[in-house]
Amino acid sequence: MSRILTGIQASGRPHLGNILGAIEPAVALSQKSENESFLFIADLHSLTSVKDPSVLHENTRAVASAWLACGFDAEKNFFYRQSKLAGYHTELMWYLSCVTPYPMLANAHSFKEKSDKLADVNAGLFTYPILQAADIVLYQANFVPVGKDQKQHLEMSKDIAAAFNRIFGEVFVLPEPLINESVMTIPGIDGQKMSKSYNNYIDIFLPEKELYKQIKRIVTDATPLEEPKNPDTCLVFKLYALIASNEQIEAMRNNYIAGGYGYGHAKKEFLDLILSKYQKQREVFDFYMNNPKELEKMLSRGEAKAKEIAEKTIAEVRKTLKFD
Ligand code: ADP
Ligand code: TRP
């Protein structure tokens, strides 16, 4: 049995890029019977950037609802908010801080990027990788699926855990990252990487009208409706092809090449495909967003389960440090 663990920041509502690039692959991993999955919302980490508690709360609800909507089985696995187990995460973070060399943190890309404006860097951002290491080793995770951008953080987690083991005694499993290099970068409606930060995302959970508005904003060239079009250079076609079946892709390709088919038609087909393909997910998402008590039930159950594991690890660490 392998323990797979990953954390998701509560920095906004999940978009199509998150769903195809992170959520669906992680749900598929969690469905394998040989795996035990830990999935948590890294709301403590999000505090390094989000300063409005109401926004953080709403994002947390949306992220949790999206994972449940995309089929994460919270009863078989572990599903929790980091903040609800903050005592364990931050206690372990302190112990790990005491074996983390300062230059390792100063070298982190996430910190270095901002080091020309040090006045804007809070201490939480600087020690972010230690909390991440604590998140992982607290549950003795074997594998951590993350995007390429998290590679360095994962190397640091492993080094920090190894330092603790070397200095105080073998307590922690050393985690390995699972980075799927083949996951493509999903483009946003402007052709750049789809990201919350660029405001170029497609939120498949929006009500139909608003979703259509976002889709209508997908950038296209000015080829008139009657003329043939090149599907391979068109962003609408590219996005459609990410979620369509082979037959649907072929049919749209033929329409492009034949002419008499406008970008407006393609956008409408893209909307219809999202609505039909993600119908179930949209319903489940709305259910949890509209029934906060049900969402709370799922999370608090997960938190009780996670607590047992966290407690066990902390007890072992305290024993090693002769604090028990
Ligand atoms: P954002 O860029 O919107 O802030 P995050 O950094 O919160 O997204 O991304 C969470 C995870 O979702 C990432 O680790 C990555 O695996 C995945 N992801 C985000 N954007 C994309 C994208 N455009 N294409 C593919 N995967 C993505
Ligand atoms: N830093 C990760 C991100 O921005 C989120 C995260 C926090 C995480 N703790 C983690 C990811 C532990 C994996 C394991 O995406």
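Begin by selecting Ile186 together with ligand 1 in this predicted model, and look for the place where a backbone N or O atom of Ile186 lies 2.8 Å from a nitrogen atom of the ligand. With that pair on the screen, colour the whole ligand and note that the protein covers 77% of the 540 Å² of accessible area that ligand 1 has on its own.

Next, add His15 to the selection, where a polar side-chain atom lies 2.7 Å from an oxygen atom of ligand 1. Then add Asn18, which also places a polar side-chain atom by an oxygen atom of ligand 1, here with a separation of 3.1 Å. To see the wider surroundings, show the 14 residues around ligand 1, of which His15, Ile186, Met194, Ser195 and Lys196 come nearest. If you colour this shell by class, you should find four nonpolar, seven polar and three charged residues.

**The second ligand**

Now move to ligand 2 and select Gln132, whose side chain has an N or O atom 2.9 Å from a nitrogen atom of this ligand. Select Gln150 as well, because its side chain also offers an N or O atom to a nitrogen atom of ligand 2, at 3.0 Å, which falls inside the 3.5 Å limit for a polar contact. Taken alone, ligand 2 exposes 370 Å², and the protein buries 90% of that. A further residue to show is Gln9, with a polar side-chain atom that lies 3.3 Å from an oxygen atom of ligand 2.

Which residues come nearest among the 14 around ligand 2? They are Gln9, Tyr128, Gln132, Asp135 and Gln150, and labelling these five gives you a set of landmarks for the steps that follow. When the shell around ligand 2 is divided by class, it has seven nonpolar residues, six polar ones and one charged one. Switch to a cartoon view to trace where the shell comes from, and you will see that β1 (2-9), β2 (35-42), α7 (123-137) and β4 (143-146) each supply at least two of its residues.

**Around Gln150 and Gln132**

Stay with Gln150 and hide the ligand for a moment, so that the loop between β4 and α8 (151-168), where this residue lies, can be followed. Is Gln150 buried or exposed? Its relative accessibility is 17%, and it therefore counts as buried, since the cut-off for that word is under 20%. The side chain of Gln150 is joined to the side chain of Gln132 by a polar contact of 3.3 Å, and it makes another polar contact, of 3.4 Å, with the side chain of Asp149.

From Gln132, turn to His45, where a polar atom of the side chain lies 3.4 Å from the backbone nitrogen of Gln132. His45 sits in helix α2 (residues 43-46), and it counts as buried because its relative accessibility is 3%.

Follow the chain onward from α7 to reach Gln140, which is placed in the loop between α7 and β4. The backbone is worth a close look here, as Gln140 has a positive phi of about 50° although it is not a glycine. Gln140 also counts as buried, with a relative accessibility of 14%. For a second example of such a phi value, select Asn199, a residue other than glycine with a positive phi near 50°, found in the loop between β5 (176-179) and α9 (208-216).

**The nonpolar core**

Now display the largest nonpolar core, which has 59 residues, and highlight Trp67, Ile202 and Phe270, the ones that touch the most other members. Helix α3 (residues 53-69) gives the most to this core, contributing eight residues. If you colour the chain by domain, you can see that the core draws at least three residues from each of domain 1 (2-184 + 292-320) and domain 2 (208-280).

**Along helix α14**

For the last stop, select helix α14 (residues 292-320) and pick out Lys312 within it. Lys312 is exposed, with a relative accessible area of 64%, and a line drawn from its C-alpha atom to that of Lys112, 200 residues away along the chain, should read 35 Å. Glu311 is also in helix α14, and it is partly exposed, with a relative accessible area of 37%. The C-alpha atoms of Glu311 and Phe38 are separated by 15 Å, with their positions 273 residues apart along the chain.

Methods:
Residues are numbered from 1 along each chain as its sequence is written. Chains are lettered from A and ligands numbered from 1 in the order in which they are written. This is a predicted model: local features need pLDDT of at least 70, side-chain atom pairs count only at pLDDT 80 or more; totals for chains, interfaces and linings use all residues. Side-chain values use heavy atoms; hydrogens and water are left out. A residue is near a molecule or strand if one of its heavy atoms lies within 4 Å of it. A polar contact is a pair of N or O atoms within 3.5 Å; within protein, one must be able to donate a hydrogen and the other to accept it, and residues adjacent in sequence count only if both atoms are side-chain atoms. Accessible areas come from the Shrake-Rupley method with a 1.4 Å probe; for residues, only the protein chains shown count as cover. Ala, Val, Leu, Ile, Met, Phe, Trp, Tyr, Cys and Pro count as nonpolar, Asp, Glu, Lys and Arg as charged, and the others, Gly among them, as polar. Helices (H or I, at least four residues) and strands (E, at least two) are DSSP runs, numbered from the N terminus. A nonpolar core is a set of buried Ala, Val, Leu, Ile, Met, Phe, Trp, Tyr and Cys residues joined through side-chain atoms within 4.5 Å. Buried means under 20% relative accessible area, exposed over 50%, partly exposed in between (1.4 Å probe, protein chains only). Domain bounds come from an automatic or database domain assignment.
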